[in-house]
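User: I want to go through the ligand site and the cysteines. Give me each call with the criterion behind it.
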Amino acid sequence: MPASRVTPGDLTRLKADGKRIVALTAYDRPTAMVCEAAGVDVILVGDSLGNVLLGYETTLPVTMDDMLHHVRAVARSTHQALVVADLPFLSYQADQAEALRNAGRFLKEGGAQAVKLEGGSRSAETIERMVTAGIPVMGHLGYTPQSAHVFGRNVVQGRDVDVAMTLVHDALVLEEAGCFAIVLECVPHEVARAISERLRIPTIGIGAGNGCDGQILVFHDAVGWGPGANLKFVKRYANVGDILRQAVSDYAREVREGVFPAAEHSFSMSAEARVLFEQELEEMDASCDE
Ligand code: KIV
């Protein structure tokens, strides 16, 4: 039902109407379905799945194949949210033609409606080409995890005026290049607000304060089930990790004690079939004893 999905244009209208945009990450069907049932506008299949699902230290090892696998699952499982697929490290930085092909794969093979990529002015030409080819692009400025080794421990970007002004400039360049929205990650709230006020397209903040046009969190962090649940900018809305740990230890205990499965979790034969079955077993056992 593609016609009823949120579109990039809808996000611009939400901003123009002063309505805030709700975004979350999802990497699989159950999560995507929870997001959709809750009316989330944008589902990002983020390359954060490298940290959250695959156990990597950074997002750098994530491949196009890893991403496509999860993008397909989320796209198949949703009908309303705008599904944005995150281009992984080196899928768009080295070569323009390769970047376009990879972005296109997310729409053509993955079923996403848009892609996201990191970087300011240096990414503008790549973005322009994608938009010209009919691929909606979400930008990503501030702390960009694919540059983790450049930033080191400097997570918050734009505390210095020089860097803050570069961020403002980059945001304007990305808008001009055709981005339909920009993620602002770990940016002082003053800088994020200044950028949001200067753009027609919406900003989606994560660790960027309340002046953005929308907010995104990593789903697992928001529900208390991920490595980042204790980060300063994360609000934990549930403690799913504790609930799951409790459920799994109850299961393990009941299996060890022989309590599970109980009669109500078991299948049975009809009384007639059981009598016949027992007769056959007796005959078989007797013939074995001979
Ligand atoms: O990969 C991701 O989940 C992201 C969000 C944190 C914006 O890029």
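User: What makes Asp 86 a polar contact of the ligand?
Analyst: A polar contact is a pair of N or O atoms within 3.5 Å; within protein, one must be able to donate a hydrogen and the other to accept it, and residues adjacent in sequence count only if both atoms are side-chain atoms. An N or O atom in the Asp 86 side chain is 3.1 Å from a ligand oxygen. That falls within 3.5 Å, so the pair counts. This is a predicted model: local features need pLDDT of at least 70, side-chain atom pairs count only at pLDDT 80 or more, while totals for chains, interfaces and linings use all residues. Residues are numbered from 1 along each chain as its sequence is written, and side-chain values use heavy atoms, leaving out hydrogens and water.

User: Which distances apply to Lys 116 and Ser 48?
Analyst: For Lys 116, a side-chain N or O atom is 3.1 Å from an oxygen of the ligand. For Ser 48, a polar side-chain atom lies 2.5 Å from a ligand oxygen.

User: How much of the ligand does the protein bury?
Analyst: The protein buries 97% of the 260 Å² that the ligand exposes when taken alone. Areas come from the Shrake-Rupley method with a 1.4 Å probe; for residues, only the protein chains shown count as cover.

User: How do you know that Cys 179 is in no disulfide?
Analyst: A disulfide needs two cysteine sulfur atoms within 2.5 Å. The nearest cysteine sulfur to Cys 179, that of Cys 212, is 15 Å away. Therefore Cys 179 does not qualify. The whole structure has 0 disulfides.

User: What about Cys 212?
Analyst: Cys 212 is in no disulfide either; its nearest cysteine sulfur, in Cys 186, is 11 Å away.

User: Why is Cys 179 called buried?
Analyst: Buried means under 20% relative accessible area, exposed over 50%, partly exposed in between (1.4 Å probe, protein chains only). Cys 179 has 3%, so it is buried. Cys 212, at 3%, also counts as buried.
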